Amino acid sequence: MAAKNPACLEELRTFFAVHHRDDATAELSQYVSFALSVGDPPGFEFRYKTNELPPDVAALDGFQALLQKFYAQAGIERIWRQSQPAFEEAIARYHRPAREALLAVNAYVRTSTSPNLHARFQVYVDLLAAPNQIQTRSYKKRFVRGADAIRRVAVPGSRHAYLHFQVDPWRCGIPRS
């Protein structure tokens, strides 16, 4: 990527400097919210209406267009294809512990393991996140638990979040019909 020297790199650095937060968790949080609010590259189209976006995403006005430019100029698609196998291998190590934690909750509350048609619980492992930065979000009918790779998917925390998702969906912001 350094060899490509994307033309928008300085603009991206400026954007990050302007939107810097003193608290490391708040700094990461705004970009996690953004990532969970947009679709796939290269368009990064918002999944929700403007008035449904989390407040920290609204504060990142202009980031979507800048990210589209950077994605194209830096050749991120090619870099992603090259690194994809390494990411898949690393994430596979966390699949079993996470699955077992969620199955334990299903057994405890005696619920089915079949997919809930009204809501979805997801665990993301961020291999590039700073250690000990766990993020949990509820967007419309998606309940998302993010974990860094260091904590092995933070199994106890994921189990706890999933228990809330199953037992008290209203608190998670997920209406059951």
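Select Leu 102 to begin: in this predicted model, Leu 102 is buried, with a relative accessible area of 19%. Because burial requires a value under 20%, Leu 102 qualifies at 19%. The residue sits in helix H5, which spans residues 76-109. Next, display what surrounds the residue. Setting aside residues up to four places away in sequence, Leu 102 touches Phe 121, Ser 158 and Tyr 162. A distance label between C-alpha atoms is useful here: Leu 102 and Ser 158 are 56 residues apart along the chain, yet their C-alpha atoms are separated by 7.8 Å.

**The whole chain**

Zoom out and colour by secondary structure. The chain contains six helices and three strands, and along the sequence these follow the pattern α-α-α-α-α-β-β-β-α. Of its 177 residues, 38% count as buried. If a contact map is available, consider the contacts with a separation of 6 or more: residues 24 or more positions apart account for 54% of them. With the surface switched on, the chain exposes about 11,000 Å², of which carbon and sulfur atoms supply 57%.

**The largest nonpolar core**

Select Phe 15, Phe 34, Leu 60 and Phe 63. These are the residues with the most contacts inside the largest nonpolar core, which has 21 residues. The elements that give two or more residues to this core are helix H1 (9-18), helix H2 (24-37) and helix H4 (63-73). Which of the elements supplies the largest share of this core? The largest share comes from H4, with five residues.

Keep Phe 63 selected and show its contacts. Beyond residues up to four places away in sequence, Phe 63 touches Leu 12, Phe 15, Phe 16, Tyr 31 and Phe 34. Another core, of seven residues, lies apart from the largest one; among its members are Leu 102, Ala 119, Phe 121 and Phe 165. The starting point of the tour, Leu 102, therefore belongs to this other core, and Leu 102 is itself buried.

**Tyr 31**

Move to Tyr 31, in helix H2. With a relative accessible area of 14%, Tyr 31 is buried. Its contacts, not counting residues up to four places away in sequence, are Phe 15, Phe 16, His 19, Leu 60 and Phe 63. Add a C-alpha to C-alpha distance to Leu 60: the two residues are 29 residues apart in sequence and 8.5 Å apart in space.

**The packing of H1 and H4**

Show H1 and H4 alone and draw their axes. The two helices pack at an angle of about 145°, with their axes 10 Å apart, and their crossing is left-handed. To see the contact, select Leu 9, Glu 11, Leu 12, Phe 15 and Phe 16 on H1, together with Phe 63, Leu 66, Lys 69 and Phe 70 on H4. Colouring these residues by class gives seven nonpolar, no polar and two charged residues.

**Ser 33**

Return to helix H2 and select Ser 33. Is this serine buried or exposed? Ser 33 counts as buried, at 1% relative accessibility. Leaving aside neighbours within four places in sequence, Ser 33 is in contact with Asp 56, Val 57, Arg 137 and Tyr 139.

**Backbone features**

The remaining stops concern backbone geometry. In the loop between H2 and helix H3 (55-58), select Pro 42. The peptide bond leading from Pro 41 to Pro 42 is cis, with omega near 5°.

In the loop between H2 and H3, select Phe 44. Its phi is near 50°, a positive value in a residue other than glycine. Phe 44 is buried, with a relative accessible area of 10%.

The final stop is Asn 5, in the segment before H1. Asn 5 also has a positive phi in a residue other than glycine, near 45°. What is the relative accessible area of Asn 5? The value is 54%, and Asn 5 is exposed.

Conventions:
Residues are numbered from 1 along each chain as its sequence is written. This is a predicted model: local features need pLDDT of at least 70, side-chain atom pairs count only at pLDDT 80 or more; totals for chains, interfaces and linings use all residues. Side-chain values use heavy atoms; hydrogens and water are left out. A nonpolar core is a set of buried Ala, Val, Leu, Ile, Met, Phe, Trp, Tyr and Cys residues joined through side-chain atoms within 4.5 Å. Buried means under 20% relative accessible area, exposed over 50%, partly exposed in between (1.4 Å probe, protein chains only). Helices (H or I, at least four residues) and strands (E, at least two) are DSSP runs, numbered from the N terminus. Contact means heavy atoms within 4.5 Å. Axes are lines fitted to C-alpha atoms, for helices over the stretch in contact, and angles run from 0 to 180 degrees between N-to-C directions. A crossing is left-handed if the near helix is turned anticlockwise from the far one by less than a right angle, and right-handed if clockwise. Ala, Val, Leu, Ile, Met, Phe, Trp, Tyr, Cys and Pro count as nonpolar, Asp, Glu, Lys and Arg as charged, and the others, Gly among them, as polar. Accessible areas come from the Shrake-Rupley method with a 1.4 Å probe; for residues, only the protein chains shown count as cover.
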